[in-house]
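Trainee: Could we go through this model together, one piece at a time? I'd like to reason from the atoms up.

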Amino acid sequence: MSVLTRDEAHTRSALLDVQRYEVHLDLTQGPETFGSTTAIHFTARTEGDTFVELKPDTLHRITLDGTPLDPARLDGNRYPLPALAAGGHTLTTEATMRYSRTGEGMHRFTDPSDGETYLYTQLFMEDVQRVLTAFDQPDLKAVFDLTLTAPEGWTVLTNTVTTHDGHGTWTAATTPLISTYLLAIAAGPWHSIRTEHRGLPFGIHCRRSLAPYLDADAEEILDVTRALFDRYHEKFTEPYAFDSYDQAFVPEFNAGAMENPGLVTFRDEFVYRSAVTETERQTRAMVIAHEMAHMWFGDLVTLRWWDDIWLNESFAEYMGYQTLTEASTRFADAWTEFVASRKTWGYEADQRPSTHPVAPDNVPDTAAALLNFDGISYAKGASALRQLVAWLGEEDFLAGINTHFARHKFANASLADFLDSLASATERDVHAWAESWLRTTGVDTLTPALDETGTRLTVRHEGTRPHRVRLGLWDLDPEGAPRRRPDTWLDLTPGTPTTVTVEAPRPALVLLNDHDHTYVKTAFDDVSHATLTAHLSGITDPLSRAVVWTALRNAVRDSRLAPADYLAVVRAHLPHEDDPAVVRGVLQFAHTQVADLYTDTARRPEVLALLGDTCRDLLRRTEDGHNPSLRLTAVRNLLHLATRPETLQEWYDDGTVPGGPALDPELRWALLTRLAVLGATDEAAIAAALDRDPSATGHEGAARCRAALPTPEAKDAAFHSLFEDDTLSNYLFTATAQGFWQPEQAELLAPYVDRYYPAALALAARRGPALAQAAGRTAFPRSAVTPAHLALGEETLRTATDATPALRRTLADQLDDLRRALRVRENAKG
């Protein structure tokens, strides 16, 4: 299959004007394939050579202006159209397409709970070609007319309002101009809840087996949706441009969600079967906000080429968090979760060899573009935009983006177009700002130093970007509690120390980037570090605490703070933390990086015990029912940290944690997985648990448990399922991989490290980008933290020149993390 290059897209865009697609899909042909008929109406501006794309199981017929062409001329995913005459044309194809089990194209899922089947599309990047014939690039927008034939009793959802014409035939209203990757279809016996808002039909949908859980949360989801919709209309002068707003929670979805206009698709884990924390409910609300922002950033105005994905993702990420804090919902502290968890994704991605600018100036093809949907395009880009607003002012920022919408609605735009729109609203040099912020890589570092009097503060700035930050100065009151002085804004110039006078007495804590308005690593002077060691939990602002915890995390990863010293702060202060987002972020880092990667095998049980004691302290604090989200966070982590099975088995048999919560399906499977890791359960118990919970997530839980069993037979079976069978869906593959590699089973797993690399390379070539990324991310032997493993991986990357780009990039990132872990371990010894 050929990937589309930027030059090819530019040439085709200059040649063609695509007006309309007429598409009919027949979804009644059986469990493996479906019928696809496409008519494309387009104009060639001049005579020229071009091509159209499709990835059929079988291409039956193709005609151009009524003249039959030879289907055998299809070359991979391209059908050539040489010497195309100037003027209007109609290209028609009839094909049989294949359903996907990897979350790409038209994904087909049969619910093990009730046997019902559901279909949905994920057509991002090049996957529309798995469903219909298209001139597949974002700047060839067109309108779509869809008709579909579906089994009786199904509902068909698309980007626009659909009408059931009888006998399983559905017709969708004509779309506005949209890019090919934004077309969306979801078909099946959906459970639907419908309402109206501002005169538009709104709906939420899920598979029938999840109906009780969607019903329970429907009011919350719809209230959040309405509040965000209203707030966006207060911020943006261009109204919502589509005829309806449906949100479908679909099974085995690879991303968190996809911004298809009029039909947003979400992974259906957001329909909660089990107890969740307030942070998780806030995350769901933020994803709703993120995808709704895309209705303007990405759907109304779309990038010209994939080097400007930040114009979609960074904006949706920033607007999602910011608008959620402004809308009339209870989720006003979203930025704390961003700092505690989401932003760290950007920091880590930006310090790997695969880093790239937020707005790279040349993404050569679609394969390269796919790799840039990462922590830089999302978290770093959102943080950069938050800095832009701090520097520019929100009024001018909103004026600039509203100008951008007005100039480019239903069309395509580039970074240059966006900067011109911003420049029209301000006297500031936004082009220079963009050069330093969007065209560079890496993370700047700010370090404070106070003179002997404690009244003259110097900020050393290592890096290349200007920053406008809030300076947080904290004193200790007579009881030893930190109290913040009035905020001061600092404007920092790269390479130039900034000196300010501080009012006496000397502050106990200097916190640069308090409130987190920029993207930067911050350090602490000795007095500030001592204050944090003793008083971190006394800081009253959760966002400030999150900024501190993230700074400490970065210091550990950079070997500026010993893991043991970080854990001492965790043990002293996390038991007193009230914010579940902060607790979750700290425990996740402490467990998955400090314990699993940065700690020698011999000391790992000691670290797990320390973290377990921390969780037990949190449980004791919440015995009276105070802060159930905090209690649930502690219980979840405690299950994963246990080194002995006896207490876990008691909880499993009793069906509850003493004092609550009761074991719901999620907790039961998590507990059974840990028992499997510890060798304290068996196949019979796993089968009994699956009988109790035969849902899709139950099957994933069983796969995870079976792969975690510490026996040669279990590991051989799991490895075969992962890399040799090719029947696992994307979710079952991930669940099996999550169970397979366990730090406690290093000796048993050692032979599989060598087997992993050739197996992963072959799998990626066979099963495509989604499974390639899963093989490189979740199925990577992360628990093998040894120089020999690093050498093997580096040699594989050096010699496997034909590795798929998705796998190569993921392996390069994983090996860099392994290299960092070995370095942290070595520095900790010194």
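Mentor: Sure, and one term before we start: contact means heavy atoms within 4.5 Å. Keep in mind that this is a predicted model.

Trainee: Okay, which elements are included in what covers the buried residues of α9?

Mentor: Start with the helix: α9 spans residues 415-423, and L415, D417, F418, L419, S421 and L422 are buried there. The cover over those buried residues includes the helices α4 (310-326), α7 (376-392), α8 (394-408) and α10 (430-438), along with β21 (411-413). So the names you asked for include α4, α7, α8, β21 and α10.

Trainee: Which residues have the most contacts inside the largest nonpolar core?

Mentor: That core holds 233 residues. Apart from it lies another core, of 27 residues, with L4, F51, A186 and Y731 among them. Back in the largest one, the residues with the most contacts are F397, Y566 and F723.

Trainee: Take F397, then. What does F397 touch, leaving out residues up to four places away in sequence?

Mentor: F397 is buried, at a relative accessible area of 1%. One of the residues it touches, L422, is among the buried residues of α9. The full set is F315, Y318, M319, L388, V389, L392 and L422.

Trainee: Is β17 enclosed or open, and how many of its residues are buried?

Mentor: Look at the two faces separately. Y245, Q247 and F249 are buried on one side, and D246, A248 and V250 are buried on the other. That makes β17 (residues 245-250) largely enclosed by the rest of the structure, because the buried count is 6 of the 6.

Trainee: What hand does the crossover from β16 to β17 have?

Mentor: β16 (residues 200-206) and β17 run parallel and are joined by 4 bridges, with G203 partnered by D246. Between the two strands, the chain passes through helix α2 (residues 211-235), and this β-α-β crossover is left-handed.

Trainee: And which residue in β19 stands opposite V250?

Mentor: β19 covers residues 263-267, and it pairs with β17 in the parallel sense over 5 bridges. Opposite V250 you'll find R267.

Trainee: How many aromatic pairs are there, and what is the geometry of F229 with Y245?

Mentor: The count comes to 50 aromatic pairs. F229 sits in helix α2 and Y245 in strand β17, so their pair ties together parts 16 residues apart in sequence. Both rings are buried, F229 at 1% relative accessibility and Y245 at 0%. With 6.5 Å centre to centre and 55 degrees between the planes, the pair is tilted.

Trainee: How do the rings of Y318 and F397 pair?

Mentor: Y318 in helix α4 and F397 in helix α8 are 79 residues apart, so to speak a link between distant parts of the chain. Y318 is buried, with a relative accessible area of 3%. The ring centres are 6.0 Å apart and the planes stand at 85 degrees; over 60 counts as edge-to-face, so this pair is edge-to-face.

Trainee: At what distance from the ring centre does R78 lie over the face of F51?

Mentor: There's another such arrangement to look at: K715 lies over the face of F740, at 5.0 Å from the ring centre. For R78 over F51, the value is 4.2 Å.

Trainee: Last one: which turn residue between β12 and β13 has a positive phi?

Mentor: β12 (residues 162-166) and β13 (residues 169-172) pair in the antiparallel sense over 4 bridges, and T163 has T171 as its bridge partner. The two strands form a hairpin with 2 residues between them. The turn residue with a positive phi, about 55 degrees, is H167.

How values were computed. Residues numbered from 1 in each chain as written. Predicted model: local features only at pLDDT ≥ 70, side-chain atom pairs only at ≥ 80, totals over all residues. Heavy atoms only, no water. Buried < 20%, exposed > 50% of the residue type's maximum accessible area, 1.4 Å probe, protein only. Core = buried A, V, L, I, M, F, W, Y, C linked by side-chain atoms within 4.5 Å. Pairing = 2+ DSSP bridges. Right-handed = clockwise from strand over helix to strand, strands pointing away. Phe/Tyr/Trp six-rings, centres within 6.5 Å; stacked < 30°, edge-to-face > 60°. Lys NZ or Arg CZ within 6 Å of the ring centre and 35° of its normal.
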